[in-house]
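Notebook open, model loaded. I want to go through a few loops and helix pairs and jot down what I find.

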Amino acid sequence: MIKNYIKTAYRSLLKNKGFTILNVLGLSLGLASCLLIIFYVVDELSYDRYNTKADRIYRVNEDLKLGENNVLYAVCMPPLAQALKNDFPYVENTVRIKRNGSKHVKKGGINILENNIAFADPSLFDVFTLPMINGSPATALVEPNSVVLTESTAKKYFNNTNVVGKTLTFEDNILYKVTGVIRDIPVQSHFNFDFFISMSTFPDSRSTEWLRSDYNTYVLLKDATDHKKLEAALPAFLNRHSGQEMQTQLKMSMAAFEKGGSFFRLNLTPLTDIHLKSNRSGELGPNSTIQYVYVFSAIALFILLIACVNFMNLSTARSANRAREVGVRKVLGSSKKYLIAQFLTESILVTLVATIIAFITAIALLPAFNQLSGKEIAINSQTLSWLIPVLLVIVLVVGAMAGSYPAFYLSAFQPIDVLKGKLSAGFKGSGLRSFLVVMQFSISIFLIVGTLVIYNQLNYIQTKNLGYNRNQVLIVQNTFELNNQANVFKQEIKQLPGVENATLTGFLPTSQWKNTSIFFKDASFDQKKALFPQTWEVDEDYIKTLDMKMAAGRSFSNQMLTDSSGIILNEAAAKFLGLKDPLNKPLYRSNGGKQDISNSKEYHIIGVVKDFNFSSLRDVISPVVLVLAHNTGALSIRVNTKNLPALLSQIKDKWRSISPGVQMNFSFMDQDFDASYRAEQRVGTIFVVFTTLAIIIACLGLFGLAAYAAEQRTKEIGIRKILGASIGAIAGMLSFDFIKLVFIAILISLPLGWFLMNKWLQQFAYRVNIQWWVLVLAGFIAIFIAFITISFQSVKAAIANPADSLRSE
C-alpha cells in the first residue's frame, strides 16, 4: 500500500511539473535558510561545552558599588582561588588565568608580535579540557618561565609539535622553556590563547591583597548542585578574608561599608553562560549576547512558517485540477482516509526532496555564511550525528504540517459536486487562506521594519559625533617596545611633513586599555562623595591630536610644572560630582588598590573636556579623568597628506632606526572603531539577507494564491469580458482581494514592529528614533512587492480568451 502511495504521488508530482518546482523551490529555500540559522544558533549555544566538566565549572565575579558608582568585574583578587579551595571541601579545584598582553616572540632573526598570551595556574589542565599531545599536564605549568603552546603555535615556531625542552625568546632577552603542547583550543571557547605561561613566573600572582582584582578565577565543583551552597557562603567568606584589610585601608568594617550604601560582593557565572550572558569588565575575550540567539531563532521559525504556508497555498491552488480526480476516486470506492494518506505522502515526498536540496544548498552556502557571520562553522561527524535526526524530524513534521490542510481540504470534496463542476466557493470562501496570507505578510512587513531600523541604527553609529575625530589617525601599536626612546620616536615623527600632531599613550577611545581609580571630593574620603572613573594617563598633545573639544578650562601643557598634579574631567565626571564650576577644585585620588584610600594624592581640576564615546554606544558615557603622565602604550599620529604610503614608509624607517629587530605594527583609528561594532554590522547584514529570503518565499505563496483565485473565477472573468469589462478592471478586481489582505497585515505588523524594534533600540544608550517614514516605507515596499507578484497572474487571467473558459457552458 505504501509503495502504491509513493508511486502514485511520484506520478502526480511529475505530471504537474510547474506546481512541483514551485513547491520544492519554496520549501528548499525556507529549509536552507533555517538550516543556516540553526548552524549559527547551535554554534553560539555550544561555547565552552567541549569541556567535559563544563557543568561543574563556574567563574567567580566581583561586583563593586562605591557611592553611586557601580562596576561589574570578571576578575577577582590574587589569593581568592587558593582560599576557595582551602575553605570549601566541595570545591574540587580552582584555576586563575591572567591575560599577559602583547609580546614579541623571536623566530629566527624576526620578532613576531603575539597577542594571545596568558599566565595560568598548573591546575589549568585539570579544570579545562585542553588535551596535551606532548608533555605532562600535571607538571607543565609548575616551574617559573615555563610555557605551553597550542599545536598550531608549535608548528609556527618549530615546524613540528615535538618541542618539549626547547626554548622561546620573548622580548629579545626573556627565555621560556616549552613544557607542553596542547591541541588547538576550539573556536567555541570564551578564551583562546596560543601561549600559556606558568603563573609562578609572575611575582604578583603571589600577592595576598584582597582589595585588588586582576585574575579571572574559575572553580571546579565536586557536584554541579554545589554552586548554590558556595554562592550562599561567599558573603561570609569574603568578610572573613578581606575584613582586616578593609579596616586598615578603608577605616571601616564590611558592615559599615554596606551600611553607607556601598557593597563589595562575589558571585558565580556558569562556564557555559559566559559567552552569551556576561559582559563584564575584564572578560578574556569579546562575548556575544543571548538576544541574537533569540532573534535568529525567531527568524528561522518565521521563515519555516512562511514556507509551510506556501506549501498549503500552492497545493490548494491546484485543487480545481484535482477535484475531478478526487471525485472519481471516491465513486470508485476510495475512502477519505486513503485519500488523506495519498495527499500526505505527496506532501512528505516533496518535503523530502526539498530537504535534500536544502541540505546541499546550506552546505554549499556555508563558506559564504561563515564569512558573513564571522563564524568558523564546519560540518563534521559530530554535527551529522544530530543533524540527520533533525532533518528526518523536519521531513515528517513539515511534511505533515504543510500537507495536512491540502490533504483534508481535497479529500473533503463531495463526488456529486465535483463531477457536476461545483467546486469550492473560491478564494473569498476560505477564511483560513486569508488568515495565512495576512500572517505571511505580517511577518514579512515586521522583518522589513526590523531591517530598516537596524540599518538606520548602524548608519547612526557610523556618522555620530563621538566627541573626537577618528579619521586620519594612524596608531603605532606597542611603542613601549622602544623603552626610553619612545618619546624620541614621537618627536621625530612630529617633524615629518604630513604629520599634524602626535600623542603618546595607550589610553585611546578605540583601545582596550582601561584603568580605574577612586577620587573623592574632599579629604574626608566619604564614600558617598566618591568618584570611580576611568583614569587615563595622557600627554600634553592628547586633546589636540584627537581633536577633542574643551567645555571649560584648558588642556595640559609641558610649560606648566603644576600640571603634574592637574587633571581634566569629562562632562560626565563633572556632572556626577555635582560641580557647576569645577575649575581649580581639588580632588583626592586613592593611590592603593581599587578600594584603598590609605594613600592619597591631591589634584586640582584644570579643565573639562566635552564628553566623548570610548566604549560601546550601548552604554552611557561614564566619568573619565585624564592625568598627565608618561605612558608609552601607543603613538597616535594625526596625518594630513595625499601620499599616505610614502608617509607610512617614513614612519617605518624611523621605527627601524630606533628598534631594528622589532616589527612595527599599526592600525587606523577609524578601522579600530568599525571593528568594535562588527558584531552589530554582521547582525544587520544577516537580518537583511534572511528578510529578503522571507519576502521571496512569501511572494511564492502569494503567486500560488493568485493562480488559485484566477483559476476559480475563470468563468466569471469570461462573462465579465463578454459584457465589456476592460483588462484593467478585471486585473484590479482580482488584485483587490489580495491587496486588502496586505493592508490588514500592515495594520497588524507596523505597530508590533514599532514596539519590538523600540525595545531592541533600548539596549543602545545612543540611538535613533523610529521615524514615521520608516513605517510608511515598510508598508509601501510590502504593497509594491505584493502588487507585482499578483499582477502577473491577474493580467494573465484578464487577457485570456473568454471563449476558452465558457466553451463548456
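**Entry 1: N584.** I started with N584, which is exposed because its relative accessible area is 61%, and anything over 50% counts as exposed. Note to self: this is a predicted model. I placed N584 in the loop between α17 (571-577) and β21 (586-590). Then I checked its backbone: phi is positive, about 70 degrees, and N584 is not a glycine. That made me write it down, since most residues other than glycine have a negative phi.

**Entry 2: N478.** Which other non-glycine residue did I look up with a positive phi? N478, at about 55 degrees. I found N478 in the loop between β14 and α15. Is N478 buried or exposed? It counts as buried, because its relative accessibility is 10% and the cut-off for buried is under 20%. So here I have two asparagines in loops with positive phi, N478 buried and N584 exposed. I then listed what N478 touches, skipping residues up to four places away in sequence: S102, L113, T632, G633, A634 and W655.

**Entry 3: α15.** From N478 I moved on to helix α15, residues 486-494. Its buried residues are A486, F489, K490 and I493. I looked down the axis of α15 and they fall within an arc of 100 degrees, so they line one face of the helix. The spacing fits the textbook: an α-helix has 3.6 residues a turn, so residues three or four places apart point the same way. What covers that face? Among the elements over the buried residues of α15 I noted two strands, β14 (473-477) and β15 (499-504). I also noted β24 (634-639) and helix α18 (644-658) there.

**Entry 4: α3.** I did the same exercise on helix α3, residues 80-87. L80, A81, A83 and L84 are the buried ones. Seen down the axis of α3, they fall within an arc of 165 degrees, so they line one face of the helix. They pack against β1 (57-66), β3 (91-99), β12, α6 and β13 (263-270).

**Entry 5: α3 against α6.** α6 was on that list, so I looked at the pair, citing the usual reasoning that two packed helices are described by the angle between their axes and the distance between the axes. α3 packs on α6 (residues 226-249) at an angle of about 115 degrees, with the axes 12 Å apart. I got a right-handed crossing for α3 and α6. On the α3 side, L80, A83, L84 and D87 make the contact, and on the α6 side L230, L234, F237, R240 and H241 do. I sorted the contact residues of α3 with α6 into six nonpolar, one polar and two charged. L80, A83 and L84 of this contact are also on my list of buried α3 residues.

**Entry 6: α21 against α22.** Next helix pair: α21 (residues 714-722) and α22 (residues 727-761). Their axes are 10 Å apart and the packing angle is about 150 degrees. α21 and α22 are therefore roughly antiparallel to each other, the cut-off being over 145 degrees. α21 passes α22 in a right-handed crossing. α21 brings E716, I717, R720 and K721 to the contact, and α22 brings I730, M733 and L734. My tally for the contact of α21 with α22 is four nonpolar, no polar and three charged.

**Entry 7: M199.** Back to a loop. M199 is in the one between β11 (195-198) and β12 (216-221). How buried is it? M199 has a relative accessible area of 1%. Setting aside neighbours within four places in sequence, I listed the contacts of M199 as R96, I97, K98, F119, A120, D121, S205 and Y215. I also took a distance: the C-alpha atoms of M199 and P144 are 7.4 Å apart, with their positions 55 residues apart in sequence.

**Entry 8: S152.** S152 sits in helix α5, residues 151-158. At 38% relative accessibility it counts as partly exposed. C-alpha to C-alpha, S152 and I185 are 9.9 Å apart, and they are 33 residues apart along the chain.

**Entry 9: whole chain.** Last, the overall numbers. I have 24 helices and 25 strands in the protein chain. Of its 809 residues, 53% count as buried. For contacts with a separation of 6 or more, 80% are between residues 24 or more positions apart.

How values were computed. Residues numbered from 1 in each chain as written. Predicted model: local features only at pLDDT ≥ 70, side-chain atom pairs only at ≥ 80, totals over all residues. Heavy atoms only, no water. Axes fitted to C-alpha atoms, helices over the stretch in contact; angles between N-to-C directions. Helix = DSSP H or I, 4+ residues; strand = E, 2+ residues; numbered from the N terminus. Parallel < 35°, antiparallel > 145°, perpendicular 65-115°, else oblique. Left-handed = near helix turned anticlockwise from the far one by under 90°. Contact = heavy atoms within 4.5 Å. Nonpolar A, V, L, I, M, F, W, Y, C, P; charged D, E, K, R; others polar. Buried < 20%, exposed > 50% of the residue type's maximum accessible area, 1.4 Å probe, protein only. Arc of directions from axis to C-beta.
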